[in-house]
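This report walks through one protein model, from its surface contacts to its cores. Have the sequence and the structure open while you read.

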Amino acid sequence: MRTPESRRMITLEVRGTTKPTPAFSVITLGGPELEHLKPMGFDQTVRLFFPREGQEGLRMPRLSSEAWMAELLLLPKSRRPWVRNFTIRRARPELGEVDIEFALHGDTPASTWARRARPGDPAGIFDMGLTYLPPAHAEWQLLAGDESAVPAILAILEHAPASLMAEVFLEVPGADDIRTDIAAPDGVRVRWLARDGADALPGSLALDAIKESALRPGRFYTWVAGEAALATGVRRHLVRDRGVPKPDIAFFGYWRHGRSSPG
């Protein structure tokens with residue numbers, strides 16, 4: 001992961017909420033402390049801090065290094081905030097705003113907070129940098145994810161150079177969650193896969209589609225994220241069945257079915 005040279009805890013507040021589709025919600029955060037964030041585009045990841053239900057305010061860590069984790073663990077749960085990883089969907093430095101997009105999934109802490117968020121509610125972020133690092137030798141790219149990775153992949157496409165050639169597989173809960181207005185270079189082909197209440201495990205449609213696809217020729221870079229079986233399954237298939245070099249694959253298990261859900 002590429003991280004910015006200087007990072008610090010940034011305290012913000014909710015400025016607004018929108019719902020692009022039934023299974024997603026975008027929370028706009030803003031505040032003067034965003035001047036300390038360096039927008040990097042692509043899949044810029046942040047630790048998002050938000051209050052637990054019943055907490056009157058937000059207790060942010062004082063330390064701006066990885067020691068903040070130990071600092072929070074020393075707090076009683078009644079004062080400790082929730083912390084989850086999210087991608088900055090869009091940044092508007094001139095307005096002092098960033099958008100964080102949530103995949104609303106069950107009653108996870110992040111989904112519950114996103115549904116209830118109102119202007120003025122406190123939140124905070126800590127910049128973690130980028131994981132999308134395509135090598136110069138890649139002739140094209142394979143991008144894939146379930147709903148938990150949709151915001152990151154859409155952000156990657158919006159910041160991609162016009163010359164990008166890519167095959168993109170995006171799995172979402174329902175057909176109503178398919179976006180028809182995404183920005184992507186002409187050389188990018190996006191395939192949406194909707195579960196629509198089927199019994200298929202999250203990520204399985206995307207994995208099967210990749211296995212069955214006749215991918216473009218040439219050496220390529222893969223970035224895949226989402227449910228753990230999707231991420232590891234794509235990597236295993238590409239290495240074993242297609243002979244893709246392991247260093248050309250970036251894979252990230254955001255969550256594991258049956259244990260936790262995308263927030």
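Is E53 buried or exposed? E53 counts as exposed, because its relative accessibility is 65% and exposed means over 50%. Keep in mind that this is a predicted model.

**Salt bridges**

A search of the whole structure finds 15 salt bridges. One of them joins the side chains of E53 and R116, at 2.9 Å from N to O. The two residues come from distant parts of the chain, 63 residues apart. E53 sits in the loop between β3 and α1 (68–73). R116 belongs to helix α2 (residues 109–116). R116 is partly exposed, with a relative accessible area of 48%.

E167 tells another story. At 1% relative accessibility, E167 counts as buried, because buried means under 20%. E167 forms a salt bridge with R189, and E167 also forms a salt bridge with R216. R189 counts as partly exposed, at 43% relative accessibility. R216 is partly exposed too, with a relative accessible area of 22%.

Where do these partners lie? E167 is in strand β8 and R189 in strand β9, 22 residues apart. R216 is in the loop between α4 (204–212) and β10, so its pair with E167 ties together parts that are 49 residues apart in sequence.

| Salt bridge | N to O distance | Separation in sequence |
|---|---|---|
| E53 and R116 | 2.9 Å | 63 residues |
| E167 and R189 | 3.0 Å | 22 residues |
| E167 and R216 | 2.6 Å | 49 residues |

There is also a network. Salt bridges that share partners join R89, R90, E101, E158 and R179.

**The barrel**

In what order do the 6 strands close into a barrel? The order is β1-β2-β5-β4-β3-β6, and the pairing is antiparallel. On average, neighbouring strands of this sheet are turned by 45° against each other, direction ignored.

Strand β1 (residues 10–21) pairs with strand β6 (residues 122–129) over 4 bridges, in the antiparallel sense. There, T11 stands opposite G124 in β6. Helix α3 packs on the sheet. It touches β2 (24–30), β4 (82–92) and β5 (97–103), and its direction makes about 25° with that of β4.

**Strand β3**

Now look at strand β3 (residues 45–50). Here 6 of its 6 residues are buried. In a regular strand the side chains alternate between the two faces of the sheet. Both faces of β3 are covered. T45, R47 and F49 are buried on one side, and V46, L48 and F50 are buried on the other.

This strand has partners on record in two strands. β3 pairs with β4 over 6 bridges, in the antiparallel sense. β3 and β6 also run antiparallel, joined by 5 bridges. R47 appears in both pairings: R47 stands opposite N85 in β4, and the bridge partner of R47 in β6 is F126.

**The cores**

In soluble globular proteins, nonpolar side chains tend to be buried together. The largest nonpolar core here has 24 residues. L143, V150, I153, L157, V168, L170 and W223 touch the most other members. At least two residues each come from α3 (150–159), β8 (166–172), β9 (188–194) and β10 (220–227). α3 gives the largest share, 6 residues.

Another core lies apart from this one. It holds 22 residues, among them V14, L34, F50 and A123. F50 is also one of the buried residues of β3.

Conventions
Residues numbered from 1 in each chain as written. Predicted model: local features only at pLDDT ≥ 70, side-chain atom pairs only at ≥ 80, totals over all residues. Heavy atoms only, no water. Core = buried A, V, L, I, M, F, W, Y, C linked by side-chain atoms within 4.5 Å. Buried < 20%, exposed > 50% of the residue type's maximum accessible area, 1.4 Å probe, protein only. Pairing = 2+ DSSP bridges. Axes fitted to C-alpha atoms, helices over the stretch in contact; angles between N-to-C directions. Contact = heavy atoms within 4.5 Å. Salt bridge = Lys/Arg side-chain N within 4 Å of Asp/Glu carboxyl O.
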